[in-house]
Number of protein chains: 2
Amino acid sequence: LDAIIKWNEGLQFKGSGWSNHGVTIDTDPSHDGLGQGPSPVELLLMSVAGCTGMDVVSILNKMKVKYDRFEIGITGERAEEHPRLYHNMTLVYQIWGADIDEKKFNKAIDLSMNRYCTVSNTLKQGIDINYRYEVNPENEMEVES
Amino acid sequence: LDAIIKWNEGLQFKGSGWSNHGVTIDTDPSHDGLGQGPSPVELLLMSVAGCTGMDVVSILNKMKVKYDRFEIGITGERAEEHPRLYHNMTLVYQIWGADIDEKKFNKAIDLSMNRYCTVSNTLKQGIDINYRYEVNPENEMEVES
(Lines give C-alpha, C1' and ligand atoms only; values in the text may rest on other atoms or scores of the structure.)
Protein backbone atom coordinates (compact mmCIF):
# COMPACT_ATOMS: atom_id res chain seq x y z
CA LEU A 1 0.00 0.00 0.00
CA ASP A 2 1.08 3.58 -0.63
CA ALA A 3 -0.41 5.11 2.52
CA ILE A 4 -2.37 4.01 5.58
CA ILE A 5 -4.48 6.03 7.98
CA LYS A 6 -5.37 4.72 11.42
CA TRP A 7 -8.35 5.90 13.42
CA ASN A 8 -7.30 7.45 16.72
CA GLU A 9 -10.18 9.12 18.52
CA GLY A 10 -13.25 11.13 17.55
CA LEU A 11 -12.83 11.83 13.84
CA GLN A 12 -9.07 11.98 14.12
CA PHE A 13 -6.79 9.72 12.08
CA LYS A 14 -3.04 9.36 12.00
CA GLY A 15 -1.75 8.90 8.46
CA SER A 16 1.54 7.94 6.94
CA GLY A 17 2.76 7.19 3.44
CA TRP A 18 5.88 5.71 1.85
CA SER A 19 8.12 8.46 3.21
CA ASN A 20 7.04 7.48 6.72
CA HIS A 21 6.21 11.03 7.87
CA GLY A 22 3.14 11.10 10.07
CA VAL A 23 0.20 13.42 9.49
CA THR A 24 -2.65 14.06 11.90
CA ILE A 25 -5.91 14.37 9.97
CA ASP A 26 -8.69 15.94 11.97
CA THR A 27 -11.55 18.38 11.90
CA ASP A 28 -12.97 21.11 14.11
CA PRO A 29 -14.66 20.28 17.42
CA SER A 30 -17.80 21.84 15.90
CA HIS A 31 -17.74 18.90 13.47
CA ASP A 32 -16.96 16.29 16.16
CA GLY A 33 -13.21 16.43 15.65
CA LEU A 34 -10.47 17.15 18.16
CA GLY A 35 -9.19 20.14 16.19
CA GLN A 36 -5.60 18.92 16.19
CA GLY A 37 -4.80 18.73 12.49
CA PRO A 38 -5.82 19.83 9.02
CA SER A 39 -8.95 18.39 7.45
CA PRO A 40 -8.86 16.09 4.42
CA VAL A 41 -10.10 18.88 2.17
CA GLU A 42 -7.34 21.23 3.34
CA LEU A 43 -4.85 18.43 2.67
CA LEU A 44 -6.23 18.10 -0.85
CA LEU A 45 -5.72 21.81 -1.52
CA MET A 46 -2.21 21.78 -0.01
CA SER A 47 -1.39 18.69 -2.05
CA VAL A 48 -2.27 20.51 -5.27
CA ALA A 49 -0.30 23.62 -4.28
CA GLY A 50 2.67 21.63 -2.98
CA CYS A 51 2.91 19.54 -6.12
CA THR A 52 3.03 22.48 -8.49
CA GLY A 53 5.16 24.49 -6.03
CA MET A 54 7.89 21.85 -6.05
CA ASP A 55 7.82 21.72 -9.83
CA VAL A 56 8.14 25.49 -10.13
CA VAL A 57 11.06 25.61 -7.67
CA SER A 58 12.84 22.83 -9.57
CA ILE A 59 12.30 24.49 -12.93
CA LEU A 60 13.31 27.97 -11.70
CA ASN A 61 16.48 26.44 -10.27
CA LYS A 62 17.26 24.85 -13.64
CA MET A 63 16.57 28.20 -15.33
CA LYS A 64 18.93 29.91 -12.83
CA VAL A 65 16.15 32.25 -11.74
CA LYS A 66 16.91 33.59 -8.24
CA TYR A 67 14.14 34.57 -5.85
CA ASP A 68 13.82 35.50 -2.19
CA ARG A 69 10.32 34.33 -1.46
CA PHE A 70 7.73 32.18 -3.17
CA GLU A 71 4.19 31.41 -2.04
CA ILE A 72 1.13 29.79 -3.53
CA GLY A 73 -2.44 30.40 -2.45
CA ILE A 74 -5.27 28.13 -3.46
CA THR A 75 -9.00 28.44 -3.32
CA GLY A 76 -11.78 26.29 -4.69
CA GLU A 77 -15.48 26.42 -5.45
CA ARG A 78 -17.60 23.59 -4.12
CA ALA A 79 -21.15 22.50 -4.78
CA GLU A 80 -23.66 23.27 -2.02
CA GLU A 81 -25.20 19.81 -1.96
CA HIS A 82 -23.43 16.61 -0.87
CA PRO A 83 -20.80 15.44 -1.62
CA ARG A 84 -19.88 19.12 -1.97
CA LEU A 85 -17.69 18.43 -5.02
CA TYR A 86 -15.06 20.85 -6.14
CA HIS A 87 -15.99 22.31 -9.52
CA ASN A 88 -12.80 24.31 -9.84
CA MET A 89 -9.69 25.46 -8.05
CA THR A 90 -7.65 28.62 -8.55
CA LEU A 91 -3.96 28.95 -7.73
CA VAL A 92 -2.21 32.26 -7.08
CA TYR A 93 1.58 32.12 -7.46
CA GLN A 94 3.46 34.98 -5.80
CA ILE A 95 7.19 35.45 -6.16
CA TRP A 96 9.55 38.08 -4.82
CA GLY A 97 13.08 38.98 -5.87
CA ALA A 98 15.20 41.74 -7.35
CA ASP A 99 15.67 40.06 -10.69
CA ILE A 100 12.68 37.87 -11.51
CA ASP A 101 12.24 37.09 -15.20
CA GLU A 102 8.46 37.12 -15.53
CA LYS A 103 8.47 35.09 -18.74
CA LYS A 104 10.52 32.36 -17.14
CA PHE A 105 8.26 32.35 -14.09
CA ASN A 106 5.20 31.99 -16.30
CA LYS A 107 6.94 29.26 -18.31
CA ALA A 108 7.81 27.33 -15.13
CA ILE A 109 4.19 27.47 -13.94
CA ASP A 110 2.91 26.47 -17.36
CA LEU A 111 5.27 23.47 -17.51
CA SER A 112 4.10 22.33 -14.09
CA MET A 113 0.40 22.74 -14.77
CA ASN A 114 0.47 21.19 -18.22
CA ARG A 115 3.26 18.65 -18.05
CA TYR A 116 4.71 17.71 -14.67
CA CYS A 117 2.35 18.08 -11.73
CA THR A 118 0.78 14.72 -10.91
CA VAL A 119 -1.80 16.05 -8.48
CA SER A 120 -3.22 18.94 -10.49
CA ASN A 121 -3.22 16.95 -13.72
CA THR A 122 -5.00 14.04 -12.03
CA LEU A 123 -7.68 16.46 -10.80
CA LYS A 124 -7.88 18.28 -14.15
CA GLN A 125 -9.34 15.14 -15.65
CA GLY A 126 -12.50 16.07 -13.76
CA ILE A 127 -12.41 19.75 -12.71
CA ASP A 128 -11.07 23.08 -13.90
CA ILE A 129 -7.85 24.39 -12.40
CA ASN A 130 -6.96 27.99 -13.16
CA TYR A 131 -4.04 30.11 -12.11
CA ARG A 132 -2.56 33.55 -12.07
CA TYR A 133 0.78 34.85 -10.93
CA GLU A 134 2.15 38.01 -9.36
CA VAL A 135 5.76 39.22 -9.36
CA ASN A 136 6.81 41.29 -6.33
CA PRO A 137 3.23 41.91 -5.22
CA GLU A 138 2.55 44.31 -2.36
CA ASN A 139 -0.43 42.40 -1.02
CA GLU A 140 0.02 39.53 1.42
CA MET A 141 -2.15 36.50 0.80
CA GLU A 142 -4.30 35.45 3.72
CA VAL A 143 -6.29 32.36 4.52
CA GLU A 144 -9.95 33.04 5.19
CA SER A 145 -11.38 30.75 7.82
CA LEU B 1 -7.91 31.93 0.04
CA ASP B 2 -8.52 28.46 1.45
CA ALA B 3 -4.88 27.48 1.92
CA ILE B 4 -1.41 28.93 1.38
CA ILE B 5 1.94 27.23 1.08
CA LYS B 6 5.18 29.12 1.61
CA TRP B 7 8.50 28.02 0.19
CA ASN B 8 11.02 27.36 2.94
CA GLU B 9 14.21 25.74 1.61
CA GLY B 10 15.11 23.20 -1.06
CA LEU B 11 11.79 21.79 -2.24
CA GLN B 12 10.22 22.19 1.18
CA PHE B 13 7.06 24.22 1.73
CA LYS B 14 5.11 25.03 4.87
CA GLY B 15 1.38 24.88 4.27
CA SER B 16 -1.66 25.91 6.22
CA GLY B 17 -5.37 26.05 5.52
CA TRP B 18 -8.46 27.54 7.18
CA SER B 19 -8.01 25.44 10.33
CA ASN B 20 -4.57 27.00 10.78
CA HIS B 21 -2.74 23.70 11.33
CA GLY B 22 0.67 23.71 9.70
CA VAL B 23 1.88 20.98 7.38
CA THR B 24 5.45 20.51 6.16
CA ILE B 25 5.41 19.40 2.53
CA ASP B 26 8.68 17.94 1.37
CA THR B 27 10.32 15.19 -0.63
CA ASP B 28 13.27 12.85 -0.26
CA PRO B 29 16.84 14.13 -0.40
CA SER B 30 17.25 11.90 -3.48
CA HIS B 31 14.75 14.25 -5.16
CA ASP B 32 16.35 17.44 -3.81
CA GLY B 33 14.11 17.69 -0.76
CA LEU B 34 15.06 17.86 2.90
CA GLY B 35 13.10 14.69 3.75
CA GLN B 36 11.20 16.35 6.59
CA GLY B 37 7.59 15.81 5.56
CA PRO B 38 5.23 13.90 3.34
CA SER B 39 5.20 14.56 -0.39
CA PRO B 40 2.25 16.18 -2.20
CA VAL B 41 1.26 12.83 -3.69
CA GLU B 42 1.22 11.15 -0.28
CA LEU B 43 -0.93 14.04 0.98
CA LEU B 44 -3.33 13.44 -1.89
CA LEU B 45 -3.71 9.77 -0.96
CA MET B 46 -4.09 10.56 2.75
CA SER B 47 -6.64 13.22 1.87
CA VAL B 48 -8.78 10.66 0.04
CA ALA B 49 -8.49 8.10 2.84
CA GLY B 50 -9.06 10.69 5.58
CA CYS B 51 -12.15 12.08 3.91
CA THR B 52 -13.90 8.75 3.57
CA GLY B 53 -12.54 7.59 6.94
CA MET B 54 -14.22 10.46 8.75
CA ASP B 55 -17.48 9.79 6.93
CA VAL B 56 -17.41 6.12 7.87
CA VAL B 57 -16.69 6.89 11.54
CA SER B 58 -19.56 9.40 11.63
CA ILE B 59 -21.98 7.00 9.98
CA LEU B 60 -20.98 4.03 12.14
CA ASN B 61 -21.48 6.20 15.21
CA LYS B 62 -24.97 7.12 14.01
CA MET B 63 -25.67 3.43 13.36
CA LYS B 64 -24.44 2.60 16.91
CA VAL B 65 -21.85 0.21 15.50
CA LYS B 66 -19.03 -0.25 18.02
CA TYR B 67 -15.49 -1.04 16.93
CA ASP B 68 -12.06 -1.19 18.52
CA ARG B 69 -9.88 -0.36 15.58
CA PHE B 70 -10.36 1.05 12.10
CA GLU B 71 -7.75 1.59 9.40
CA ILE B 72 -7.76 2.46 5.73
CA GLY B 73 -5.00 1.65 3.27
CA ILE B 74 -4.80 3.29 -0.13
CA THR B 75 -2.81 2.55 -3.22
CA GLY B 76 -2.92 3.98 -6.71
CA GLU B 77 -1.76 3.22 -10.23
CA ARG B 78 0.04 5.98 -12.06
CA ALA B 79 1.08 6.47 -15.65
CA GLU B 80 4.77 5.97 -16.40
CA GLU B 81 5.13 9.15 -18.43
CA HIS B 82 4.84 12.70 -17.10
CA PRO B 83 2.76 14.01 -15.40
CA ARG B 84 2.44 10.47 -13.98
CA LEU B 85 -1.32 10.79 -13.63
CA TYR B 86 -3.27 8.54 -11.36
CA HIS B 87 -5.56 6.29 -13.38
CA ASN B 88 -7.13 4.68 -10.36
CA MET B 89 -6.95 4.33 -6.60
CA THR B 90 -7.98 1.43 -4.40
CA LEU B 91 -9.02 1.75 -0.77
CA VAL B 92 -8.90 -1.10 1.74
CA TYR B 93 -11.08 -0.57 4.81
CA GLN B 94 -10.21 -2.76 7.80
CA ILE B 95 -12.26 -2.82 10.98
CA TRP B 96 -11.92 -4.80 14.18
CA GLY B 97 -14.43 -5.42 16.94
CA ALA B 98 -16.38 -8.16 18.68
CA ASP B 99 -19.71 -7.20 17.20
CA ILE B 100 -19.25 -5.61 13.78
CA ASP B 101 -22.32 -5.69 11.56
CA GLU B 102 -20.77 -6.27 8.14
CA LYS B 103 -23.80 -4.99 6.25
CA LYS B 104 -23.77 -1.75 8.18
CA PHE B 105 -20.04 -1.37 7.63
CA ASN B 106 -20.50 -1.87 3.90
CA LYS B 107 -23.42 0.57 3.90
CA ALA B 108 -21.35 3.21 5.70
CA ILE B 109 -18.55 2.88 3.14
CA ASP B 110 -21.00 2.97 0.26
CA LEU B 111 -22.65 6.14 1.59
CA SER B 112 -19.28 7.83 1.91
CA MET B 113 -18.01 6.83 -1.52
CA ASN B 114 -21.21 7.61 -3.36
CA ARG B 115 -22.74 10.44 -1.41
CA TYR B 116 -20.67 12.25 1.19
CA CYS B 117 -16.93 12.22 0.57
CA THR B 118 -15.87 15.45 -1.12
CA VAL B 119 -12.34 14.36 -1.98
CA SER B 120 -13.02 10.96 -3.51
CA ASN B 121 -16.07 12.19 -5.38
CA THR B 122 -14.13 15.15 -6.78
CA LEU B 123 -11.45 12.73 -8.03
CA LYS B 124 -14.01 10.24 -9.33
CA GLN B 125 -15.01 12.78 -11.94
CA GLY B 126 -11.72 11.86 -13.63
CA ILE B 127 -10.39 8.54 -12.29
CA ASP B 128 -11.65 5.22 -10.97
CA ILE B 129 -11.75 4.69 -7.22
CA ASN B 130 -12.37 1.14 -6.05
CA TYR B 131 -12.62 -0.31 -2.58
CA ARG B 132 -12.87 -3.47 -0.56
CA TYR B 133 -13.34 -4.07 3.14
CA GLU B 134 -12.24 -6.61 5.70
CA VAL B 135 -13.85 -7.32 9.09
CA ASN B 136 -11.49 -8.56 11.81
CA PRO B 137 -8.69 -9.37 9.34
CA GLU B 138 -5.59 -11.17 10.57
CA ASN B 139 -3.24 -9.43 8.20
CA GLU B 140 -1.71 -6.08 9.10
CA MET B 141 -1.56 -3.53 6.30
CA GLU B 142 1.87 -2.16 5.54
CA VAL B 143 3.13 0.76 3.52
CA GLU B 144 5.60 -0.22 0.83
CA SER B 145 8.27 2.38 0.31
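## Fold of one chain

Helices here are DSSP runs of H or I with at least four residues, strands are runs of E with at least two, and both are numbered from the N terminus. With that in hand, chain A of this predicted model reads β-β-β-α-β-β-α-α-β along its sequence. That pattern holds three helices and six strands.

Chain A has 145 residues, and 54% of them are buried. Its C-alpha trace spans about 50 × 35 × 30 Å along the principal axes. Take the contacts in chain A between residues at least 6 apart in sequence: 50% of these join residues at least 24 apart.

## How the two copies are related

Lay chain B on chain A and you get an RMSD of 0.0 Å, using a turn of 180 degrees and a shift of 0.0 Å along the axis. The two copies are therefore related as by a two-fold rotation axis. If you want to find that axis from chain B, look for B:Gly126: its C-alpha is the nearest one in that chain, 2.1 Å away from the axis.

## Where they meet

Each partner puts residues into the contact: 74 from chain B and 74 from chain A. As 100% of the interface residues of chain B are also interface residues in chain A, the copies meet through the same surface. About 6,700 Å² is buried between the two chains, with carbon and sulfur atoms giving 68% of that area. On the chain B side, B:Leu1, B:Trp18 and B:Met54 lose the most area to chain A, and together they account for 12% of what that side buries.

What about polar links? Salt bridges between chain B and chain A come to zero, whereas 31 residue pairs are in polar contact across the interface, counting pairs with both residues at pLDDT 80 or more. The elements of chain B that give two or more residues to this side include strands S1 (3-9), S2 (12-17) and S4 (69-78), along with helices H1 (40-62) and H2 (102-116). H1(B) gives the most, with 15 residues.

## The nonpolar core

The largest nonpolar core has 78 residues, and the members that touch the most others are A:Phe70, A:Met89, B:Phe70 and B:Met89.

B:Phe70 is worth a click in the viewer. Leaving out residues up to four places away in sequence, B:Phe70 touches A:Ile5, A:Lys6, A:Trp7 and A:Phe13 from chain A. Within chain B, its contacts include B:Val56, B:Val57, B:Tyr93, B:Ile95, B:Trp96 and B:Phe105.

How values were computed
Residues are numbered from 1 along each chain as its sequence is written. Chains are lettered from A and ligands numbered from 1 in the order in which they are written. This is a predicted model: local features need pLDDT of at least 70, side-chain atom pairs count only at pLDDT 80 or more; totals for chains, interfaces and linings use all residues. Side-chain values use heavy atoms; hydrogens and water are left out. A nonpolar core is a set of buried Ala, Val, Leu, Ile, Met, Phe, Trp, Tyr and Cys residues joined through side-chain atoms within 4.5 Å. Buried means under 20% relative accessible area, exposed over 50%, partly exposed in between (1.4 Å probe, protein chains only). Contact means heavy atoms within 4.5 Å. Copies are superposed by least squares on the C-alpha atoms of residues with pLDDT of at least 70 in both. Buried area is the accessible area (1.4 Å probe) that two parts lose on being put together, summed over both. A salt bridge is a side-chain nitrogen of Lys or Arg within 4 Å of a carboxyl oxygen of Asp or Glu. A polar contact is a pair of N or O atoms within 3.5 Å; within protein, one must be able to donate a hydrogen and the other to accept it, and residues adjacent in sequence count only if both atoms are side-chain atoms.
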